[in-house]
Amino acid sequence: MALAAVLTGLAGCNTSGCENNRSALPMMGFYNIRSGEPVILDSIDFGGVGAPGDSLLVSSGESTQSFYFPLRFDYTSTAFYIHYDYKEQGLDDPALNDTLTFSYSTKPFFESEECGAYYVYHIDGLKYTKHLIDSVAIVDSLITSYDMERVKVFFRLAEPETPDDPNVDPDNPDNPDNPDNQGKDPEAPAQLRREVRL
Amino acid sequence: MRRGFYLAVAFAAALAATTMVSGQRRVTRVDDPRSGLQGKNENRNPADSIDYSKLVHSHDEMGNVILIDTINGREVKDTASVSSDSTSIPKMKYPLFYSASASVDIWDPVMRAFGQHYGLIEFSGELNLHNRYIPVVEIGLGQADYTPDDNNYTYKVGLTPYFRVGMNYNFLYNSNPDYMVFAGLRYGWSHFNFDVENVTLQGGYWDEEANFNLPRQSVNVSYLQVLFGLRVKVWKQISMGWTVRYKTILHESECNYGKPWYIPGYGSRKGAITGSFSVTYTIPFRHHETDTLAAALSSDLPQKGEVSDAPLAPGDTIRTRSGIEITTESPNN
């Protein structure tokens, strides 16, 4: 019995879990164009154009810095939109939505016994609007199951405006008004402002 | 006055004698009475000489004379009959071509019975050199047809031969060849095709489904195995043994649609350790006659404790278990 258990264990020892994603899932991250630092947005909707039931990948109210955005394997391009839900700044307007359209080629790929087979994508092109997006960078155009950030979206962000407090020393390192601290706190939700480029 | 004359004559005589001695030294040989006995054994009898032709003896692989004690069968090297150049310990006790073996590896069939999804059977041939260096050729058949329960594909490799060559080194090379403890190296090579079929993708954010097969891929793989093993004779010429093998891929041709999971001869890509369990049939080669005699004497004579301590008398005959008769002769013959 013990020998049978050992042999069964040896024969079945290769069925441990897959350490990577079981599909090629690209990841997107949000960044501040001024500082280059990651930013967390808490009032955006992010979804696929034509997604079943208009389902969203990111909903307003969620604090998001990065997330996965699956591509369609039956098509050669997939479009996503960003709706800004910042009502106080007057950005809650579908006309200000930004859209990103990825064009790509697919290839079937067998990764391993545990992770199985799926499609990998090679991004051939990207089109995007620039309402509040400044630029988009593609870190790696080959999308596999390896878990890494492939796309960086840089936004034009306005820093939160706070009234001047005469009791606060502007040179204090803990003072958020200190220019040295601006844009360096990725944990604080950022405020979007539509900026006009000169 | 006369006394003075005598003194002068005596002095002159003494001076003349001294002058003659210093001018001509003589060494006179004196015979030692013991010299007549040196190098001779006064107690020696003519029958005390060792007549090697009347002793039971054989020769080993190095040409040394091996004297055999007919009482207890013990062998003693005759160190007096060998030159100083050949008195070193022989490195090889067994002959160059000692034996050949054929083995079947039943590891994969057993493991498949316990849930392994690949592998079929393997055979190997060996040539035993000096019971120390053992060149090995391994030939096997690999196959896989696997559909994991919790995944989305079927992996197939048709019936594919594979090959390995290498060598074992037997650490017990001067011991009983019925037991082997060895380490070895193998270089393996396999050329095969593999298919990944019935891949299903479904659901997800876009609620799409797909069912496809990957194109067939042809692969060349070479690999190295480092092994350690044991083998024990179990019955006549049948022995059994196992090996534990560390494996690593040396070269692999590029695959556009993903690397193979199962490689015939190498096994699963995942994991670096594998093993074998072999049943071996050994064919001994015919050796020199004196070796056969020595082996017969050493193994067939009564063992220690089975014989009387009384020495054999001239003319006594003893018979070994295999029928060899040994007769002691009178020293006078």
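In the predicted model, 26 residues of chain B are in contact with 25 residues of chain A. On the side of chain B that touches chain A, α2 (107–113), β9 (199–201) and β10 (210–212) of chain B each supply at least two residues. The residues of this side of chain B divide into 15 nonpolar, eight polar and three charged.

The secondary structure of chain A comprises one helix and 12 strands. Along the sequence the helix precedes the strands, in the pattern α-β-β-β-β-β-β-β-β-β-β-β-β. Of the 198 residues in chain A, 27% are buried. Contacts in chain A between residues at least 6 apart in sequence were also sorted by separation, and 60% of them join residues at least 24 apart.

Six strands of chain A form an open sheet, ordered β3-β2-β5-β6-β7-β9, with antiparallel pairing. The edges of this sheet are occupied by β3 (56–58) and β9 (142–143) of chain A; each has a single partner strand, so one side of each is left without a neighbour in the sheet. The partner strand β2 (residues 44–48) of chain A is joined to β3(A) by two bridges, and the two strands run antiparallel. Within β3(A), Val58(A) is the residue that stands opposite Phe46(A).

Further along the sheet, strand β5 (residues 77–84) of chain A is joined to strand β6 (residues 98–112) of chain A by six bridges, again in antiparallel orientation. Ile82(A) has Asp98(A) of β6(A) as its bridge partner. On to the next strand, 12 bridges join β6(A) to strand β7 (residues 116–128) of chain A, and these strands also run antiparallel. One of the paired positions is Phe110(A), whose bridge partner in β7(A) is Ala117(A). The connection between β6(A) and β7(A) has three residues, and the two strands form a hairpin. Strands of a sheet pair through backbone hydrogen bonds, either parallel or antiparallel.

In chain B, eight strands close into a barrel in the order β4-β5-β6-β7-β8-β11-β12-β15, and the pairing is antiparallel. Neighbouring strands of this sheet are turned by 25° against each other on average, with direction ignored. Within the barrel, β11(B) and β12(B) pair in the antiparallel sense over 14 bridges. Gln225(B) stands opposite Lys247(B), a residue of β12(B).

The loop between β11 (217–235) and β12 (238–252) of chain B contains Lys236(B). The phi angle of Lys236(B) is near 50°, a positive value in a residue other than glycine. Most residues other than glycine have a negative phi. Lys236(B) is classed as exposed because 8 other C-beta atoms lie within 10 Å, and the cut-off for this class is 12 or fewer. A positive phi was also found for Asp207(B), near 55°, and this residue too is other than glycine. Asp207(B) is located in the loop between β9 and β10 of chain B. With 11 other C-beta atoms within 10 Å, Asp207(B) is therefore exposed.

Two further positions of chain B were examined. Met167(B) is placed in strand β7 of chain B. Because 16 other C-beta atoms lie within 10 Å, Met167(B) is partly exposed; a buried residue would need 20 or more. Not counting residues up to four places away in sequence, Met167(B) touches Tyr133(B), Ile134(B), Pro135(B), Val136(B), Gly184(B) and Leu185(B). In addition, the C-alpha atoms of Met167(B) and Val137(B) are 8.4 Å apart in space, while the two residues are 30 residues apart in sequence.

Pro148(B) lies in the loop between β6 (133–146) and β7 (154–170) of chain B. Pro148(B) is partly exposed, with 15 other C-beta atoms within 10 Å. A separation of 9.5 Å was computed between the C-alpha atoms of Pro148(B) and His117(B), which are 31 residues apart along the chain.

Note on methods:
Residues numbered from 1 in each chain as written. Chains lettered and ligands numbered in written order. Predicted model: local features only at pLDDT ≥ 70, side-chain atom pairs only at ≥ 80, totals over all residues. Pairing = 2+ DSSP bridges. Helix = DSSP H or I, 4+ residues; strand = E, 2+ residues; numbered from the N terminus. Contact = placed C-beta atoms within 7 Å. Nonpolar A, V, L, I, M, F, W, Y, C, P; charged D, E, K, R; others polar. Axes fitted to C-alpha atoms, helices over the stretch in contact; angles between N-to-C directions.
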